[in-house]
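I opened this notebook to record what I looked up in one protein structure. The entries below follow the order in which I worked.

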Amino acid sequence: MSAIEILGRVNEEGRLEFEQPVHLPPGDVRIIIESLDIEADEALWDKQFAKSQDALKRMALKAIEEDEAGLTEDFDPDNDPDAV
């Protein structure tokens, strides 16, 4: 079984709006409608981000120390060999 994810929204009249993909293979399908709770996702992000503040602060201080010790180099995006 292969899956195709289709995102959409329910409008004010309670009707589902989405763009139907083209060239779907014939056959039976199962449609599941899952409500996305953006506010809950944001609350979870805030909670996880708050937990990481100490680690982020330690990483920032270490980066500053390495820069002050001359262990870093300037970044030039025009000359980055990893740039695509």
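The entries concern a helix, a salt bridge, a loop and two surface patches.

**Entry 1. The model.** I noted before anything else that this is a predicted model. I also noted that residues are numbered from 1 along each chain as its sequence is written.

**Entry 2. Helix H2.** I asked how far apart the end C-alpha atoms of H2 are. H2 has 16 residues, and its end C-alpha atoms are 22 Å apart. The expected span is 1.5 Å times one less than the number of residues. For H2 this gives 22 Å, so the expected span and the distance in the model agree.

I then looked at one residue of this helix, Ile64. Ile64 is partly exposed, because its relative accessible area is 45% and the partly exposed class lies between the limits of 20% and 50%. I also looked up a distance from this residue: the C-alpha atoms of Ile64 and Ile33 are separated by 48 Å, and the two residues are 31 residues apart along the chain.

After the helix I found Gly70, whose phi is positive, near 80°.

**Entry 3. The salt bridge.** How many salt bridges does the structure hold? I found one. The partners are Arg9 and Glu17, whose side chains meet at 3.6 Å, N to O. The cut-off for such a pair is 4 Å, so a distance of 3.6 Å qualifies. As background, I wrote down that side chains of opposite charge can pair when their charged atoms come close.

Are the two partners buried or exposed, or in between? Arg9 counts as partly exposed, at 45% relative accessibility. Glu17 is also partly exposed, with a relative accessible area of 37%.

**Entry 4. The loop between E2 and H1.** This loop lies between strand E2 (16–18) and helix H1 (38–51), and His23 is in it. I recorded that His23 has a positive phi of about 65° although it is not a glycine. His23 is exposed, because its relative accessible area of 78% is over the limit of 50%.

Val29 lies in the loop between E2 and H1 as well. Its relative accessible area is 68%, so Val29 is exposed. The C-alpha atoms of Val29 and Glu17 are separated by 18 Å, with the two residues twelve residues apart along the chain.

Ile31 is another residue of the loop between E2 and H1. I read a relative accessible area of 71% for Ile31, which means that this residue is exposed.

**Entry 5. The nonpolar patch.** Which residues form the nonpolar patch on the surface? I listed Ile4, Ile6, Val10, Leu16, Phe18, Leu24, Val29, Ile31 and Ile33. Together these residues have about 920 Å² of accessible area. Val29 and Ile31, from the previous entry, are thus among the members of this patch.

**Entry 6. The negative patch.** I next asked which residues form the negative surface patch. They are Glu65, Glu66, Asp67, Glu68, Glu73, Asp74, Asp76 and Asp78. I looked up two of these members in detail.

Glu73 is in the segment after helix H2 (53–68). At 74% relative accessibility, Glu73 counts as exposed. The C-alpha atoms of Glu73 and Ala63 are separated by 12 Å, and these residues are ten residues apart along the chain.

Asp74 lies in the segment after H2 too. Asp74 counts as exposed, at 80% relative accessibility. Its C-alpha atom and that of Met59, 15 residues apart along the chain, are separated by 18 Å.

Notes
This is a predicted model: local features need pLDDT of at least 70, side-chain atom pairs count only at pLDDT 80 or more; totals for chains, interfaces and linings use all residues. Side-chain values use heavy atoms; hydrogens and water are left out. Patches are made of residues with over 30% relative accessible area and no salt bridge: like charges are joined within 9 Å, nonpolar side chains (Val, Leu, Ile, Met, Phe, Trp, Tyr) within 5 Å. Accessible areas come from the Shrake-Rupley method with a 1.4 Å probe; for residues, only the protein chains shown count as cover. Lys and Arg count as positive and Asp and Glu as negative; His and the chain ends are not counted. The place of a charge is taken as NZ of Lys, CZ of Arg, CG of Asp or CD of Glu. Helices (H or I, at least four residues) and strands (E, at least two) are DSSP runs, numbered from the N terminus. Buried means under 20% relative accessible area, exposed over 50%, partly exposed in between (1.4 Å probe, protein chains only).
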